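This report describes the fold, the first helix, the salt bridges and the core of a predicted protein model. The sequence and the structure are shown first.

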Amino acid sequence: MKYLLLKHYRGAPAPGGEATPMDRWTPAEVDAHVRYMADFAKRLEETGEFVDHQALAPGGAFVRSDGEGRPPVTDGPFAETKDLIAGWTIIDVESWDRAVELAGELSAAPGAGGRPIHEWLEVRPFLTSMPSTAE
């Protein structure tokens, strides 16, 4: 079963989690975080559980159609970043429990001062079939 592990710019639960935004980390702290993510992916590649991962820039906007012939409507850039996705990892694992276990590991990536950031990750299963509307 495939799961999407979404990393949010939501931050960590207080107290004790990483409160320093990544743009204020030292280059060595950023490198350690990226290395942790790469090592995590490599380990999952070896077990066959890794599918993909990407980091995203903090800027972005919500976009929707405003009707035929009209330009799209945007909401952004955002003053707050809590609703933006920082990145994702796609895994292919045997169970929900394994997906949650791996999300917990990913949440402990190092941040400022090398301390685990304890960030929130959203775990979402891939939709494997469309719900039936016929009765």
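The sections below move from the whole chain to single elements and residues.

**Basis of the values**

The model is predicted, so local features need pLDDT of at least 70 and side-chain atom pairs count only at pLDDT 80 or more, whereas totals for chains, interfaces and linings use all residues. Residues are numbered from 1 along each chain as its sequence is written, and side-chain values use heavy atoms, with hydrogens and water left out.

**Overall fold**

The protein chain contains two helices and six strands; helices (H or I, at least four residues) and strands (E, at least two) are DSSP runs, numbered from the N terminus. Their order along the sequence is β-α-β-β-β-β-α-β. Of the 135 residues, 27% count as buried, where buried means under 20% relative accessible area, exposed over 50% and partly exposed in between (1.4 Å probe, protein chains only). The accessible surface of the protein chain is about 9,100 Å², and 55% of this area belongs to carbon and sulfur atoms; areas come from the Shrake-Rupley method with a 1.4 Å probe, and for residues only the protein chains shown count as cover. Contact means heavy atoms within 4.5 Å. Among contacts between residues at least 6 apart in sequence, 76% join residues at least 24 apart.

**Helix α1**

Helix α1 covers residues 27-47, and its 21 residues should span 30 Å at 1.5 Å a residue; the end C-alpha atoms are 30 Å apart, which agrees. The expected span is 1.5 Å times one less than the number of residues. The buried residues of α1 are Glu29, His33, Met37, Phe40, Ala41 and Leu44. Viewed down the axis of α1, these buried residues fall within an arc of 115°, so they line one face of the helix; the arc is that of the directions from the helix axis to the C-beta atoms. An α-helix has 3.6 residues a turn, so residues three or four places apart point the same way. Pro27, Ala28, Glu45 and Glu46 are exposed on the other side of α1. The partners against which the buried residues of α1 pack are β1 (2-8), β2 (50-55), β5 (85-92) and α2 (96-107). After α1 comes Gly48, with a positive phi near 80°.

**Salt bridges**

The structure holds seven salt bridges, each being a side-chain nitrogen of Lys or Arg within 4 Å of a carboxyl oxygen of Asp or Glu. Three of the pairs are listed here.

| Pair | Closest N to O distance |
|---|---|
| Lys7 and Glu119 | 2.1 Å |
| Arg43 and Glu105 | 2.1 Å |
| Asp66 and Arg70 | 3.0 Å |

Lys7 forms a salt bridge with Glu119. This pair links distant parts of the chain, with Lys7 in strand β1 and Glu119 in the loop between α2 and β6 (121-125), 112 residues apart. Lys7 is buried at a relative accessible area of 9%, and Glu119 is buried at 12%.

Arg43 and Glu105 meet through their side chains in a salt bridge. Arg43 lies in helix α1 and Glu105 in helix α2, so the pair ties together parts that are 62 residues apart in sequence. Arg43 is partly exposed, with a relative accessible area of 33%, and Glu105 is partly exposed at 26%.

In the pair formed by Asp66 and Arg70, Asp66 is partly exposed at 27% relative accessibility, while Arg70 is exposed at 53%. Elsewhere, Glu49, Arg98 and Glu101 are linked in a network of salt bridges.

**Core and buried positions**

The largest nonpolar core has 19 residues, and Leu5 and Ile91 have the most contacts inside it. Such a core is a set of buried Ala, Val, Leu, Ile, Met, Phe, Trp, Tyr and Cys residues joined through side-chain atoms within 4.5 Å. The elements giving two or more residues to this core are β1, α1, α2 and β6. Leaving aside residues up to four places away in sequence, Leu5 touches ten-odd positions that need no full list here, including Thr89, Ile91, Leu106, Leu121 and Val123.Thr89 lies in strand β5 and is buried, with a relative accessible area of 2%. Outside residues up to four places away in sequence, the contacts of Thr89 include Tyr3, Leu4, Leu5, Phe40 and Phe50.

Gly111 lies in the loop between α2 and β6 and counts as buried at 1% relative accessibility. The C-alpha atoms of Gly111 and Asp31 are separated by 9.7 Å, although these residues are 80 residues apart along the chain.
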